[in-house]
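Biologist: I should like to go through this structure by asking what justifies each term applied to it. Please set each value against its criterion before drawing a conclusion.

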Amino acid sequence: MCFSFALADLLSFYCKNAARMRVCSARQPGPLLRLCTAAPRSRLLVASRAAAAFGMGSQEVVELLGKCLRAAAAAAAEAAETAETSTDVDRHNYCSVRDSLCAELALLLQEASEMRWPFVPERWQFQQAVGSRDKSNLNELVGQHLPQLLNVLEAAIVARDARAAFAVIFLLDRFLYWTDESGSLLKISKLLHKRYRGAPVAPQLLIRQARVYLSSGKLQKAEHILSHLIANSGNAGCWVYRSESDRALVQAVSLQVRGTVLQKLGLWAEAAELVWASLVGYNALPRPDKKGIGTSLGILANILLSMNDEDFRAFKTIPNVDLSLLGDASHRLLSAAKAAAMAVVYSQYTSLYVLTNATAQGTCLLSYSFSAACLPAKRTFFLLQAKEAFEVGLLAKAQGEVVPSKQELHTFIKAAYSLVVTRKWLDGPSEAVTRSTRACQEALARFYDYCHADAHDRGSFCAEIMGSMARVKLELHVEPFVNSDSRSFIPDSFRNMSGALADFTLDDFSRVLHRLQKYHMSLCKTANATCKAGKEVVDGARMCITAFGTTEDVFNAECITEACGLSRDAPSDVSRLSEPRSNVANANSLGSSWKKSSLSSSASGRCAVDSPTIRRSPRLATRLSSSASHSSDKFEIVEAEIPTVGSDTPDGDHGPTDPPAGALPRSLSRLILRSSSLSNSFESESSWENISRTSRSAGSCQSSKSSESSGSFFLMKTQDCQTSDPEYDTASGWEFLCKPKALESPNVDSGSCSTTEPSTENSRGTPDELTLGPQTLNPRCDSCLESNTPAGVAPARQYLLSREDYRSLLAGVCHGCLLKRLSSDKAKFKLEHYSTAHDALHLKFSKASGLWTARETCAYIGQSMGLHGTHRTAIWVQFLHQEERLSSYVAKDYRKPTQIQFHLRDVERQMTAQYYVTEFNKRLYDKEVMAQMFFLPSEALLILDGDEIAGCVTVEPYMLGQFVKLTNNIRKKNEELPATEYGLAFGHFTYLHSNCQDVVVDLQGWVTANGKGLTYLTDPQIHSARAPRGPSNLAQSGIDSFLREQHGPQCNKATQNEQLWAFARYLYDALGHRIRLQEIGFYQNKSFTYDALLLYREALMYEINHQEHTCKKRALRVDFHPMAVPRNASLLGQAVVGSSSSPGQGLLVNTWTGKLPDNAPYIVTVTEFGCIPVSTTYKTLPFGWMVTSFFNNVIGISDPNQLNPPDFCQDALHEEPVDFFSLFRVK
């Protein structure tokens, strides 16, 4: 009814504008107008017949698929000796049904059976010059004859013709994936493969399985399939390739899909590299694959849209990456928009691709219009371009066409909502914008219904959704465009767009694959490649569709699906599950942050709900309150045996205590970076470390190991704090942050957790924990740059967002500014109602850039998953700007009303852990360790009521599999899982990488059985010495507990070669130009000693071995540099190391900078009184930045003889010359 009314209104609108349309027709003859008589009759009829075939549709198709599934199951259960026989009747029936197919389908079926191509090609896909006959899509042909093809499939299975059956599945695959029925087809494939192991399975089906795994949350399985195809030249069991270019095509597609896996994980730089590699592969084919190129360009556009500027700069330096091919490469968003525009042109004959890529183009342009790089005078220009792109996407379907595709419906709603947002910024708020927003919210609610509905109900939901889209187009006056090509879905103005990729060759692609080969080969080795069909080990040449099993049943864990009456054989597609497979490992003594619930209410969880009640006029789903909300649902929480301190601490467990003196092992890495001194002669203890040559901007905290590094890590922080008073705009609540505020330490016992607050708001941190320390200006932060509000001035209603607030959030604000704007001690939020759609701000945080960036989106808060932690609950959620359209996402909300800053801190913590684990993976990769760990990307949704923030939840991708806990946040570790070794190694790495300031603990997620391969983690905790101690951040005592209780005195086998740590006693004689280093350390899990005497006046160095009474004499090649502030140094400033709050709590130091005679820059920090050195930093060409820290200095040398060579060194022979820095290279 709604749909018919909207269609009538839309047709009425176009009739009113018929005069102007006729003018367009007069200028350029031909079928120009798509939405009135614009849609070419031939295409509309074909599409209608295809949709009708499925709609007669969907229920009959489901029944036919069910018959095929039963036939395949019967074949799989047959005895081996009857597998190859069939009755004459069955064979005759198959031939009869097959011969009823039209000539075009019969030819395609024959070619599929002969393995002519690894993917069923579109006619236009490989054509340089596309003729009118080529401008069609295979889905149209398959859709028209879908029942016939399914009958042929059933007949082939019954006739035991496996090759023919797989050929039909091959043809059906893309259409049924488009109509969300891939799960059933892949089940049939697996059953047939189980029975007929010698039948060839097309690579397209293997990759389709990986896509389905990706959408359903089985990332480990998806990664294994794709890595096998990439590393083994596309080998797929018995499939025979016609040419090497076909193998290259399979590898290119696998790279493309694996890029989307990493995109889903938030690894933008790595994802972009893989997607670009796929572009090289598509272009290197004898006839470039236009469909593949368009798809990869669209994916690349979305990746560039999400990545930070640091990753973008690094991406541009990768070999074979030439973004100048995308036009203006000066800004990543402009490059992204150009990539999406090119994708539109490449895929102009398929409506879904045009819709998807045009929406991506518009999103990139919309985002750029708010960036700091966009000049205000140009903002309207880019908004108008974004508007045009969204309208092109919305016009990709003719009115009345059915859209039986989840991804297409989702993208239609996203395009419509984005158009509404664009019009709001162009024209300001209006009734039309308000009505259009409501229509998009209703469409998203119906889309949620569509995703969880049975096949026979989807048609009505689809009609309602498209009716809402028609209303949006009517309200916003979306007008037809000029299109002279009746088979194309884009306007003529787009078709003239310049841009083409370079001419790559297969040799270029081989070099790219070689660069990526190491990781994919290592993943192949860790995968369990046992074929379920025959139990034999399957190598690259025998790979099959069932050969990629990752362990989801490490322990005998119960599954919530069983409580709902579902079998373990239920469909793996998340959208078809009544309840997620979320397991709790009974054998895991650490328990889990998320507990299984015993459902005692019919409204709790998705199991008991057939069709959720959707509020057609959604009201506010949250409450601004300081009291707990009432819930009608009752849950029984199954407590874990060993909880996480600070959130699950039982009575009697007071967490870690500081060890007594001498109890800690002599971990030399703990003795780094203390205070120091200097005089003409003194003895001291110091540490030397090599930091990366990579330049850092002021205020950055990242570090990495240079190529010449011994393996130590040093964190270098600089400040660039301006003191000038900027102009402020009182319309906004963004505060200019510069001057640091003194921090008050929480009043807690340093050695006990017994003082932690039990309330929810303190479960993940206290206000003291969340307080910012001294903050530097972030040059990318819109708030830091614009400084809209004077300090202390806040808007009348804190959570009412002004237009300037929106601009700042959309442009990007730093973590400190966001907390200053949104933190509150009083206002608390809690979701009260589920099954509602809302406007929202989608916030992403980048640790590398330190920025939060927002997008305006629409979010649907679904139903509770029935999973609860001690403090948070899990909820199904869908939102328009999620990274993967077909994937399910999980929202996490606190069970009690909680301030917004705790949600933001949860995201910041998890993304910080992701930043650390990305660096950790690089070290594992360099050391040939076959394991990779990932933290799921966490983001925030600010729920809006109008322009006022009404709630906040964190969101992350849903993972399907067994959830286990590796460590908690104090002392416990799960030693039954090999993955725990890598988890502890990662914790140790974060400790070293952060300069002994942080350690990531409380590791939990999804692992493989052997601990290698891939591990996906979520909800970590970080003990940080940078922030005050609280219930969750145990600060230094938490770090000490990790080192003592979890890591232990020695590194495990996963990290024993990771670092060289050394501690040196240092003697310095400024007058005699002599230095003595007496060093002890650990390398390869073994201790060592090193003793060197440097005599600069004699230009000699002695390496002394007192135990063996041996000595090596070497020539010194460098001059002596006195440890003093050079006369030409410039004073950077004066500061207090520690605290200036009370006497004795800090050390007053001066920092100087300048250049040495060889033009090498240096920075030296000395005490104000006595000029005792604290640290020196200077750069050398061979080794990069060298940093020395001094502590426990004593003025004067107690035994001057230590600066003379021992007697047994008199006869030492000269060996190769050295310089001072070579002492610190790995021996």
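## Terms and their grounds

Modeller: Let us begin with Gln348, which lies in the loop between α17 and α18 (351-370). The model is a predicted one.

Biologist: Why does Gln348 count as buried?

Modeller: The relative accessibility of Gln348 is 7%. Buried means under 20% relative accessible area, so Gln348 meets the criterion at 7%.

Biologist: Which residues is Gln348 in contact with, leaving aside its neighbours within four places in sequence?

Modeller: They are Val354, Arg487, Ser488, Phe489, Ile490 and Arg495. In addition, a polar atom of the Gln348 side chain lies 3.2 Å from the backbone oxygen of Val345.

Biologist: How confident is the predictor, in terms of the mean pLDDT of the protein?

Modeller: The mean pLDDT is 74, with 69% of the residues at 70 or more. Over residues 533-542 the pLDDT is below 50, and this stretch has 23 contacts in the model beyond near neighbours in sequence. Residues 546-764 also stay under 50, and the model has 624 contacts for them beyond four places in sequence.

Biologist: Arg258 lies in helix α13 (residues 244-264). What makes Arg258 buried?

Modeller: Its relative accessible area is 4%. The limit for the term is under 20%, and Arg258 is therefore buried.

Biologist: What makes the pair Arg258 and Glu223 a polar contact?

Modeller: The side chains of Arg258 and Glu223 are joined at 2.4 Å. The cut-off for such a pair of N or O atoms is 3.5 Å, so a value of 2.4 Å falls within it. Glu223 also belongs to the contacts of Arg258 beyond four places in sequence, together with Leu226, Ser227, Ile230, Leu274, Tyr519 and His520. Of these, Leu226 is 32 residues from Arg258 in sequence, while their C-alpha atoms are 6.4 Å apart in space.

Biologist: His838 lies in strand β9 (residues 836-846). How do you know that His838 is buried?

Modeller: His838 has a relative accessible area of 3%. Since the term requires under 20%, His838 qualifies as buried. The side chain of His838 also makes a polar contact of 2.8 Å with that of Thr836.

Biologist: How do you know that the length of helix α21 (residues 431-451) agrees with its number of residues?

Modeller: At 1.5 Å a residue, the 21 residues should span 30 Å. The end C-alpha atoms of α21 are 30 Å apart, and the two values therefore agree. As for its surroundings, α21 is mostly covered, with 17 of its 21 residues buried.

Biologist: Which residues of helix α16 (residues 309-316) are buried, and what do they pack against?

Modeller: Glu310, Phe312 and Phe315 are the buried residues of α16. They pack against α14 (268-284), α15 (290-306) and α17 (332-346). At the start of α16, a side-chain oxygen of Asn308 comes to within 3.1 Å of the backbone nitrogen of Glu310.

Biologist: Why is strand β19 (residues 1013-1018) called largely enclosed by the rest of the structure?

Modeller: The ground is that 6 of the 6 residues of β19 are buried, so the description follows. Strand β13 (residues 931-935) pairs with β19 in the parallel sense over 5 bridges, and the partner of Ala931 in β19 is Gly1013. Strand β18 (residues 1004-1006) runs antiparallel to β19 and is joined to it by 3 bridges; here Gly1005 has Leu1017 as its partner.

Biologist: What makes strand β24 (residues 1100-1105) and strand β25 (residues 1110-1116) a pair?

Modeller: They share 6 bridges in the antiparallel sense. A pair needs at least two bridges, so β24 and β25 satisfy the requirement with 6. One of the bridges joins Leu1100 to Ala1115 in β25. The two strands form a hairpin with 4 residues between them, and His1109 in the turn has a positive phi of about 55 degrees.

Biologist: Which residues have the most contacts inside the largest nonpolar core?

Modeller: They are Leu153 and Leu172, in a core of 225 residues. Helix α9 (residues 162-178) gives the most to this core, namely 13 residues. Beyond four places in sequence, Leu172 touches Val142, Leu146, Leu149, Leu150, Leu153 and Leu185. A second, separate core has 22 residues, including Tyr915, Leu977, Ala979 and Leu1017.

Key: Residues numbered from 1 in each chain as written. Predicted model: local features only at pLDDT ≥ 70, side-chain atom pairs only at ≥ 80, totals over all residues. Heavy atoms only, no water. pLDDT = per-residue confidence, 0-100. Contact = heavy atoms within 4.5 Å. Core = buried A, V, L, I, M, F, W, Y, C linked by side-chain atoms within 4.5 Å. Buried < 20%, exposed > 50% of the residue type's maximum accessible area, 1.4 Å probe, protein only. Expected span 1.5 Å × (residues − 1). Polar contact = N/O pair within 3.5 Å; in protein donor to acceptor, adjacent residues only side chain to side chain.
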